[in-house]
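Me: I have a protein model open and would like to learn how to read it. Could you walk me through it, starting with the whole chain and ending with single helices?

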Amino acid sequence: MKRRDFVGNIAFGGFVGAAAVSTARCQEAVLPESASTKLPSGKLMITPLVLMAPREDGVTAVWGVSELCKGRLQWEDTNGNRATVAADDFGMVPQGASTIRINLSGLKPGNDYRVRCVTTNGSNTASQESPWKPFRTLNSAASETRFVVWNDTHVNNETIRKLDDVTPASDFLVWNGDTCNDWTNEELLIPTLLNPAERDITQNRPLLLVWGNHDVRGAWAFQLPHRVATPSGRPFYALRSGPVAVICLHTGEDKPDNHPSFAGRVAFDDLRAEQTQWLKKIITEPQFRDAPYRIVCCHIPLRWTNEKIPDYENGGYDYFSHRSRAAWHDSLVQWKTQVVISGHTHQYQWIPATNDFPYGQITGGGPRSSDATWMEVVANNESLTITTHMLSGSASQTVRFNKVV
Ligand SMILES: [Fe+2]
């Protein structure tokens, strides 16, 4: 499917003149476009309007700004219903000096919408509107879902541009970790995450970010959570899209927390333990417990072809996250996880399930165009298929699963 065919041709009612509706979290339009267009247009947006954390009832919009600004998010559906989100959870108009993040909720599952943002500077002397951007909410009742997976792009802009060109419109894009090469500089975060290779990678495929080990490296890594959004507000979450349940987990670093290279900045033993308890509960909730197909996405694989524990004091690092597996294995087996989708190793690999490890493991390629891959996951009443496409044009690899019985 061509990207423009996904939701790009949907007819919308038009913001001006349409009847406004309000939802639980969406206020009536308080800044109609006539008010914003009275102000001089300024270059306040420094990134596209990025759509993340797709859910059945909405999505979260994030964009970069050049100075302290206020933001509003206008939305409309194909029936002419429309409103503006102009308040945060604390009663303030959404604001930010480097990014603005607005949560849109109260929408209907599986429906087509479009949004745009209005950005106004602090002194109300300049304003800028983004173009309208279409998206579709997730739908757990859909008969089919299709999503795509990237991993380990590591700011390789040539690869990102090619991936963006060939990856089709989808229900969502999982960016499965290692977006960067360590956050050594605060200035790296916004372009890398919200405008990679100067592209809008969330056009017709809203983004789910999975944390990789490089995403937590460097003195400025602590800022990453403020520049992105996830469905739960945490780096671990679960979602249902059609017949597939996806659980996204944070495998942390590839060395122990006390490794000197981390300079005392990380605490992943605690986060893994928290995810262990969360996982035990989430797999008992009906939409996950009863899902026909069951996928885990995590950056560092939970299995590998050579499971030797590395010598961390002499440059060794984990090819598979044995700490995460020890913490989560029992729940993954109980849930009847079918496949774990990962990156990290920078090479495509498929490891089938065994008696000891009844979940398959698949890993995507690396940042160079010669090694890069993108995965296409399709699930319907017939099967679940994961096709790994080589960006180089080499033959694609497909693994297929039947419904969990
Ligand atoms: Fe990587």
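Reply: Happy to; we will go from overall shape to domains and then to two helices. Keep in mind that this is a predicted model.

Me: Let's begin with the inventory. How many helices and strands are in the protein chain?

Reply: The protein chain holds seven helices and 21 strands. Its C-alpha trace spans about 65 × 50 × 40 Å along the principal axes.

Me: What does the radius of gyration tell me about the protein chain?

Reply: The idea is to set the value beside what a compact globule would give. For 405 residues that would be near 22 Å, and the protein chain has 21 Å, so the two agree. Burial adds to the picture: 49% of the 405 residues count as buried.

Me: And how far apart in sequence are the residues that contacts join?

Reply: Take the contacts in the protein chain between residues at least 6 apart in sequence; 73% of them join residues at least 24 apart.

Me: Now the domains. Which residues does each one cover?

Reply: Domain 1 covers 3-136 and domain 2 covers 145-401. Over C-alpha atoms, their centres are separated by 29 Å. Where they meet, 25 residues of domain 1 are in contact with 20 residues of domain 2.

Me: Which elements of domain 1 give two or more residues to the side that touches domain 2?

Reply: They are β1 (50-55), β2 (58-64), β6 (99-104) and β9 (133-136). The largest share, six residues, comes from β1. By type, this side of domain 1 divides into 14 nonpolar, six polar and five charged residues.

Me: On to helices. Why do residues three or four places apart point the same way?

Reply: An α-helix has 3.6 residues a turn, so residues with that spacing point the same way. Try it on helix α5, residues 268-282: its 15 residues reach 20 Å from first C-alpha to last, close to the 21 Å expected. Buried in α5 are F268, L271, R272, Q275 and L279. These cover an arc of only 95° around the axis, which puts them on the same side of α5. That buried side packs against α7 (322-334), while the face turned away from it carries the exposed D270, A273, Q277 and K281.

Me: Which residues are buried in helix α2?

Reply: In α2 (residues 157-166), they are T159, I160 and L163. Down the axis of α2 they fall within an arc of 100°, so they line one face of the helix. Their packing partners are β10 (145-150) and β19 (373-379).

How values were computed:
Residues are numbered from 1 along each chain as its sequence is written. This is a predicted model: local features need pLDDT of at least 70, side-chain atom pairs count only at pLDDT 80 or more; totals for chains, interfaces and linings use all residues. Helices (H or I, at least four residues) and strands (E, at least two) are DSSP runs, numbered from the N terminus. The radius of gyration is taken over C-alpha atoms; the globule rule is 2.2 Å times the number of residues to the power 0.38. A residue is buried if 20 or more other C-beta atoms lie within 10 Å of its own, exposed if 12 or fewer, and partly exposed in between; C-beta atoms are placed from the backbone. Two residues are in contact if their C-beta atoms, placed from the backbone, lie within 7 Å. The expected span of a helix is 1.5 Å times one less than its number of residues. The arc is that of the directions from the helix axis to the C-beta atoms. Domain bounds come from an automatic or database domain assignment. Ala, Val, Leu, Ile, Met, Phe, Trp, Tyr, Cys and Pro count as nonpolar, Asp, Glu, Lys and Arg as charged, and the others, Gly among them, as polar.
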